[in-house]
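Q: Got a minute to walk through this one with me? I'd like to go piece by piece.

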Amino acid sequence: PQEVSTSVNLFHGMISREYADELLVAAEGAYLIRESQRQPGTHTLALRFGHQTLNYRLFYDGKHFVGEKRFESVHDLVTDALITLYIETKAAEYIAKMTTNPIYEHLGYTSLLKDKMVHRLSRGRTEPRRVTFQGDDRISSPLVRRSALKDTPEKQCSYEKIHNFKVHTFRGPHWCEYCANFMWGLIAQGVRCSDCGLNVHKQCSKLVPSDCQPDLRRIKKVFSCDLTTLVKAHNTTRPMVVDMCIREIELRGMKSEGLYRVSGFSEHIEDVRLAFDRDGEKADISASAYADINIIAGALKLYLRDLPIPIITFDLYSKFIQAAKIPNAESRLEAIHESVLQLPPAHYETLRYLMAHLKRVTQFEKDNLMNSENLGIVYGPTLMQPPEQNALTTLNDMRQQKLVIQLMIEHEDVLF
Ligand SMILES: [Zn+2]
Ligand SMILES: [Zn+2]
């Protein structure tokens, strides 16, 4: 009842801005709601702060809001606004300082990350492959780089990953893990990364480096999980689904007629997906569990097709399609190579591994009847999806999709 009577008293009808000002002038923090004279039917929150009356357009959609935070009651909204206004005016200097002088590096979070890096280094990791590519200027033509790369052993890559920040309401006091300052406000005090759990101010989130180290406990599924997120969570170079399926296929399926073209029984493919989601790298995909190799091949294609961002990313999709349209064979390959180098490292590494595998598949063509063109048809739409799906683009691009994959299989030794 208290709440109701307050809110009734709060509402002052269609009074002028000046009259609202007079009513509020006495008390700092006092507020009222009036109907706008200029736009009848809309409401304005008048709030006294810093010896002036501030006017905000007030919205309601089941909750009250003036900005992006939504509140159960206007009282909560005003409390939050007063805290924010106070911090922003009285502590402007403090806020400016907190983002220019972050304590992020000294926090356990980053040192934990460093420990992991050191651990990886001790297992023989040097520079990420991408750096080797871009930094080596002794090599003149981009298409003869393979020889230089052959000397470098298989490496554990440290991929960069951006944090996946979502607005979060903290219960109890929380401190920003970037600047170490208090996260003020009643609700939505900051943002939390849903992949690693890092908690920071919204304004600090823009300054946090791309060093998200996903926590396995937060990554619930294997299929349909972002590729970089998955490999970082499992600390692998490529998604383990890709490695495990390819290992199994190379073990017992290379001579299987119509490999990747013949589809396995879809219920069984679904079983494999569930096994990976449930058991991760412990999933049993051996011959005793799935005798038909087409089920494993189907699961691998399903995994690649279900990625939220395809192996050939949405951003680079049209670059690849345009490259395939170049009539001169050498320039076309150069253009594809250019595009390949722009892929995010984890995508690049997965594509490289897959293409080397498909190349080996074509070496058994006499038995499996699969050549690079057949595989291009099968893998085109699996690895390449236009950013905006519509029937017409899909149809128009099919030829180029096939060609891109076909050329990557045929020239995997110079492209990667
Ligand atoms: Zn994160
Ligand atoms: Zn902060």
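Q: What's the strand order in the open sheet of three strands?
A: The order is E5-E6-E7, and the pairing is antiparallel. Keep in mind that this is a predicted model.

Q: Which strands stand at the edges of that sheet?
A: E5 and E7 do. Each has a single partner strand, so one side of each lacks a neighbour in the sheet.

Q: How many bridges are there between E6 and E7?
A: Two bridges, in the antiparallel sense. Val-191 has Val-200 in E7 as its bridge partner.

Q: OK, metals. What coordinates the zinc ion (ligand 1)?
A: His-163 through ND1, plus Cys-193, Cys-196 and Cys-212 through their SG atoms, at 2.1 to 2.3 Å.

Q: And what's the geometry at the site of the zinc ion (ligand 1)?
A: Tetrahedral, with angles of 100 to 117° among the four donor atoms. For reference, the ideal angle for four tetrahedral donors is 109.5 degrees.

Q: How are the donor residues of the zinc ion (ligand 1) spaced in sequence?
A: The pattern is H-x29-C-x2-C-x15-C. Within that set, His-163 and Cys-196 are 33 residues apart and link distant parts of the chain. His-163 lies in the loop between helix H7 (146-150) and strand E5 (165-168), while Cys-196 lies in the loop between strand E6 (190-193) and strand E7 (199-200).

Q: Is His-163 buried or exposed?
A: Buried, at a relative accessible area of 9%. Cys-196 also counts as buried, at 13% relative accessibility.

Q: Now the other metal. Which residues hold the zinc ion (ligand 2)?
A: Cys-176, Cys-179 and Cys-204 through SG, and His-201 through ND1, at 2.2 to 2.3 Å.

Q: Why does the arrangement around the zinc ion (ligand 2) count as tetrahedral?
A: Because its four donor atoms subtend angles of 96 to 117°, and the cut-off asks for all angles to lie between 85 and 135 degrees.

Q: What spacing do the donors of the zinc ion (ligand 2) follow along the chain?
A: C-x2-C-x21-H-x2-C. Here Cys-179 and His-201 link distant parts of the chain, 22 residues apart. Cys-179 is in the loop between E5 and E6, and His-201 is in the loop between E7 and helix H8 (202-205). Cys-179 and His-201 are both buried.

Q: Switching to the earlier strands. How do E2 and E3 pair?
A: Antiparallel, over seven bridges, with E2 covering residues 43-49 and E3 covering residues 52-60. Ala-46 sits opposite Asn-55 in E3.

Q: What's in the hairpin of E2 and E3?
A: There are two residues between the strands, and Gly-50 takes a positive phi near 65°.

Q: Where does E3 go from there, pairing-wise? How many bridges join E3 to strand E4?
A: Two, and the strands run antiparallel, with E4 at residues 64-65. Phe-59 has Phe-65 in E4 as its bridge partner. The E3-E4 hairpin has three residues between the strands, and Gly-62 has a positive phi near 105° there.

Q: And E1, what does that strand pair with?
A: E1 pairs with E2, antiparallel, over five bridges. Glu-35 is matched with His-43 in E2.

Q: How many residues of strand E1 are buried?
A: Five of the five, so E1 (residues 31-35) is largely enclosed by the rest of the structure. Tyr-31, Ile-33 and Glu-35 cover one side, Leu-32 and Arg-34 the other, and they are all buried. As background, side chains alternate between the two faces of the sheet in a regular strand.

Q: Helices next. At what angle do H13 and H18 pack?
A: About 85°, with axes 9 Å apart, for H13 at residues 314-324 and H18 at residues 391-410. That makes H13 roughly perpendicular to H18. On the H13 side the contact uses Tyr-317, Phe-320, Ile-321 and Ala-324, and the H18 residues include Leu-403, Val-404 and Met-408.

Q: Last topic, backbone oddities. What's the phi of Tyr-260?
A: Near 75°, which is positive in a residue other than glycine. Most residues other than glycine have a negative phi. Tyr-260 is in the loop between helix H10 (240-252) and helix H11 (266-279), and Tyr-260 counts as buried at 0% relative accessibility.

Q: And what about Leu-369, which loop is that in?
A: The one between helix H16 (365-368) and helix H17 (372-383). Leu-369 has a positive phi of about 60° without being a glycine, and at 44% relative accessibility Leu-369 counts as partly exposed.

Methods: Residues are numbered from 1 along each chain as its sequence is written. Chains are lettered from A and ligands numbered from 1 in the order in which they are written. This is a predicted model: local features need pLDDT of at least 70, side-chain atom pairs count only at pLDDT 80 or more; totals for chains, interfaces and linings use all residues. Side-chain values use heavy atoms; hydrogens and water are left out. Donors are N, O and S atoms within 2.8 Å of the metal (3.2 Å for Na, K and Ca); water is not among the atoms, so sites may look incomplete. Four donors count as tetrahedral if all angles lie between 85 and 135 degrees; four count as square planar and six as octahedral if opposite donors are over 155 degrees apart and all others between 65 and 115; anything else is irregular. Helices (H or I, at least four residues) and strands (E, at least two) are DSSP runs, numbered from the N terminus. Buried means under 20% relative accessible area, exposed over 50%, partly exposed in between (1.4 Å probe, protein chains only). Two strands pair if DSSP finds at least two bridges between them. Axes are lines fitted to C-alpha atoms, for helices over the stretch in contact, and angles run from 0 to 180 degrees between N-to-C directions. Angles under 35 degrees count as roughly parallel, over 145 as roughly antiparallel, 65 to 115 as roughly perpendicular and the rest as oblique. Contact means heavy atoms within 4.5 Å.
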